[in-house]
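Please walk me through this structure in running prose, for someone who has not looked at it before. Take the helices, the sheets and the charged side chains in turn.

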Amino acid sequence: MSLITKIEVSNGIYWVEIPKANLRILCGCPSDAVKQLMKRGLIYIQEKKRLSYESGPNAILLSDVSLQCGDFSNMGEFPVLQMLYKQGMLLPNHPNNTGEMPILIGSAEQVNSQMQYIYRGNYGLISQEEILETGVSQDLAGDMMRMKKKFSFGKILYPSSLLKSCIIDDEFTQIKNEVYIKRNQVNEFVIQYKNEVVNVNLNISSPYESPYRLGFYNIKRDYFAVIHSGQGDGWNIYRPSMSSILVFQGKIYLIDAGPNIVYILTALGIGISEIEGIFHTHAHDDHFAGITALIRAGHKIKYFAAPLIRASVAKKLSALLSIDEKNFSEFFDIRDMEFDKWNQIDGLEVMPIFSPHPLETSIFYFRTLWKNGYKQYAHLADIASLDVLQTMLTKNHNEDGISEEFFDRIKENYFQKVDLKKIDIGGGAIHGNAEDFKTDQSKKIVLSHTTKDLEPFQKEIGSDAEFGAVDVLIRGRQDYGIERANNFLTSYFVKVEPHQIKILLNNDIVTFNPGTILIKEGEQNENIYLVLTGIIEMIKTEENIYNKLSAGSFIGESSGLKEIPSKETYRALSYVQALEIPRNLYMNFVKYNQLFENIERLRDNRDFLGITSLFGEGVSYTTQNRIAESMILSCYPKGHVFKKNYSNLFLIRSGHIECRIGDEPIEELGTGDFFGEDIAVFNTPGVFHFFVKEKVEVFELRNEFIKDIPIVRWKLLEKQEKRKKIILKSSNRRSFFLWNDDYSVNIQSMDNHHKQLFELSEQLHDTVETDKESLSKALDFLLEYTHFHFKEEEMLQKKYNFPGLYQHSEKHKEIIHQIKTLSEQFKNGELTKDDFMMLLKIWIFNHILIEDREYSRFLNEKGVF
């Protein structure tokens, strides 16, 4: 009989169980991993001592990389909640509370990152000072903090007090009870118990799967309507989490972005590029996990929230990906809103209202002027029940809780009369109760955020809504499809007269069912299609190309103008609306307006961009044209070395290039791969150089055309993280702490400091096996020198007015705290030698090879070298 059971649960998720060791490992935890376990029957209800509770994992194996296929790979918030509360591992007097803590298994960096992310997911902003930084008044910040502490039973606990860590590397490490684990390669692991082993590979080549199946819906774009895109909660395996999609004047706005948002939008026939903006209520995973999908658009999606909510969301995203908070504004068009006021948004009026919850949360009221006044929609996600709020009442302003005045204001905010109101009725300590709304005078109430079917008494209070159901508040009387087509065409053909554009507009808008082939490879297309809504898949199986195209894409233009068979197949992934333009008409339009030469000139470049992973999906036709126009093709012989400080991005057309640090190869690049993003996109001098292994052709792309495309920036960030993992993996020997000229920040004084830090780290590596006194002295000296280095670095930045001084200084404080904590843990035997050295490597890499490069270019431009 096998000692180890391994089950593939879903793409990138495995279950490994060793019953004799009382160990059940969830391997891989993207969003909705708990739902996948429930769906497979690996989480079920059991009974002990007349108490019913859930089974489930007691350990989580994290992915080595934070992002795969554009999705978060590690989202342990709900799995941890399931272990602590639904399994009862934290509950007093619970039969499953044996004193053992759930275990987070993974690299030091990922475990650390996950702890920070869970911390932010539990509490959001964790101090009154952080709340004040968002512009909230002193009194209100104090009230918010007292309420937060009441929700958390008076304590804000760091997750390490609830979770145990198991840091793994290339040698076997014991998880518990003689079960061992080691890493073979990035994201490939071996788990051993006695003489039996299993292999677990967490790498994925396609996106994580949804636990539920949705149909396809052909949704009309109305004047003012609400599409019900989610009625469930974080535990409902049959329905998406609570969310809505607002349609206003034909434009699409999301209210929250939970797990599987791309799948949800595809089912509704909406492409990411069609999203105008998102209204965000808060940062719990069932409302937050899809945020990365919105980054995968060809334009910056507008992000609407009060600064308090935005700060909470940005800190959680920063913790999850180990990136600076300022990156949030690099991916979204930030539109801060004021609480308790009607904010004007292109004709739509929106009022966010602060709502009590363990982390910063707002409810939203929407309205627009119509006959006899306003039509209004209210979205009340993750509200607290009145019974819970009453238990929090206090007359003492120094005690944790809320005041009577605050309670009355919340009641008033909850029960405003509107045409349509969607409310959270999840119950428990942090969710709403349907009975609170029994006397609400709103015309229609929709009950949401629940796992169970509605009870009879709840049905008397409000309605249910199936996925894809639409409540139309104001019906549209105009054709938004023609309006979108006109906008696309005028942006593509800037110099063409409007009356000529109308020739193309005077064609049919056709609808394709999901799964329909528009153009087949090897066949000549008679029509050219301008996609207006929905998602198209471009397939080229021989070259392993599968790209998604959405609104604004031209389908069949290249083969149509050349009058040759199509080289690709184009297939509808959802309901698709497209303007169908006869090929002959389009040909005459192009010739009459003298566009042929320009289209022909750009076509080859644009076609090449279309088959690359970086530009093939999410980048609009207009943007591809701008990039194609700026591309410069150059050839380089074998042996050529691309130095580090290039200002543009390079895209390989043919040949092979080796990415190196010093003489050490890190990665081999070929056709369609890219390099040079450090300065071109992130404005940070690079650490790598690139060696031509055989003659190459490379396109040089001007940075001004690519740095503000969110999906491109996101993919570059994903690649940057993977390269960092390769360095840490390939440099786990002592040579990592030996100086390499590629580490230089090009400022002599700082390079000298960094060389000293490398030497001290190398000495510390040599000292860890010696007596405690020598080790203690080495640790203290490293900390003392780090203090000195940071002080000198900040003085230099201040002298030349470096704009990022404050953020850099705050990062220094955080690093000093981390080193102190790690040193104490190591001295007390809480960290192994390998754990400590890996954390030290990560700190050195992030500080010297990434963060310090942000100021080096600025100072170089000031003449400081």
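**A helix and what covers it**

Helix H5 has a set of buried residues, namely Ala141, Gly142, Met144, Met145, Met147, Lys148 and Phe151. The model is a predicted one, and in it the cover over the buried residues of H5 includes helix H3 (108-123), helix H4 (128-132), H9, strand S22 (348-355), helix H11 (386-391) and H12. Helix H5 itself covers residues 138-151, and because each residue should add 1.5 Å, its 14 residues should span 20 Å, which agrees with the 20 Å between its end C-alpha atoms. Just after H5 comes phenylalanine 153, whose phi is positive, at about 60°.

From this helix we can turn to the sheets. One of them is an open sheet of 6 strands with mixed pairing, and its order is S1-S2-S3-S6-S9-S10. Strand S1 (5-10) and strand S10 (164-167) each have a single partner strand and stand at the edges, so one side of each is left without a neighbour in the sheet. On average, and with direction ignored, neighbouring strands of this sheet are turned by 20° against each other. At the S1 edge, S1 pairs with strand S2 (residues 13-18) in the antiparallel sense over 5 bridges, and within this pair glutamate 8 stands opposite tyrosine 14 in S2. Helix H3, which is also part of the cover over H5, packs on this sheet, where it touches strand S9 (103-106) and S10, and its direction makes about 140° with that of S9.

A second open sheet has 7 strands in the order S20-S19-S18-S17-S16-S15-S27, again with mixed pairing. Its edge strands are strand S20 (332-336) and S27, each of which pairs on one side only, and the twist from one strand to the next averages 25°. Inside this sheet, strand S18 (residues 275-279) and strand S19 (residues 301-305) run parallel and are joined by 3 bridges, with glycine 277 standing opposite lysine 302 in S19. Helix H9 (residues 307-321) lies across S19 and S20 and runs at about 115° to S19; H9 is also among the elements that cover the buried residues of H5.

A smaller piece of strand pairing can be followed in detail. Strand S13 (residues 188-193) pairs with S14 in the antiparallel sense over 6 bridges, and the two form a hairpin with 2 residues between them. Tyrosine 193 has glutamate 196 in S14 as its bridge partner, while lysine 194 in the turn has a positive phi of about 55°.

What holds between the charged side chains? Side chains of opposite charge can pair when their charged atoms come close. In this model the count comes to 36 salt bridges. One of them joins aspartate 222 to arginine 475, with the closest N and O atoms 3.9 Å apart. This pair links distant parts of the chain, 253 residues apart, since aspartate 222 is in the loop between strand S14 (196-201) and strand S15 (224-230), and arginine 475 is in the loop between strand S27 (470-474) and helix H14 (480-492). Aspartate 222 is buried, with a relative accessible area of 3%, whereas arginine 475, at 45%, is partly exposed.

Another salt bridge is formed by lysine 375 and aspartate 419, whose closest N and O atoms are 4.0 Å apart. Lysine 375 lies in strand S24 (residues 373-380) and aspartate 419 in the loop between helix H12 (404-414) and strand S25 (420-424), so the pair ties together parts that are 44 residues apart in sequence. Of the two partners, lysine 375 is partly exposed, with a relative accessible area of 23%, while aspartate 419 counts as buried at 12% relative accessibility.

A third pair lies within one helix. The side chains of arginine 603 and glutamate 600 meet in a salt bridge at 2.6 Å, N to O, and because the two are 3 residues apart in helix H18 (residues 596-610), they are separated by about one helical turn. Arginine 603 is buried, with a relative accessible area of 1%, and glutamate 600 is partly exposed, at 34%. Elsewhere, salt bridges that share partners join Glu658, Arg660, Glu668 and Lys693 into one network.

Finally, how many disulfides does a search of the whole structure find? The search finds 0. Among the cysteines, cysteine 635 is partly exposed, with a relative accessible area of 46%, while cysteine 659 is buried, with a relative accessible area of 0%.

Conventions. Residues numbered from 1 in each chain as written. Predicted model: local features only at pLDDT ≥ 70, side-chain atom pairs only at ≥ 80, totals over all residues. Heavy atoms only, no water. Helix = DSSP H or I, 4+ residues; strand = E, 2+ residues; numbered from the N terminus. Buried < 20%, exposed > 50% of the residue type's maximum accessible area, 1.4 Å probe, protein only. Disulfide = S-S within 2.5 Å. Pairing = 2+ DSSP bridges. Axes fitted to C-alpha atoms, helices over the stretch in contact; angles between N-to-C directions. Contact = heavy atoms within 4.5 Å. Expected span 1.5 Å × (residues − 1).
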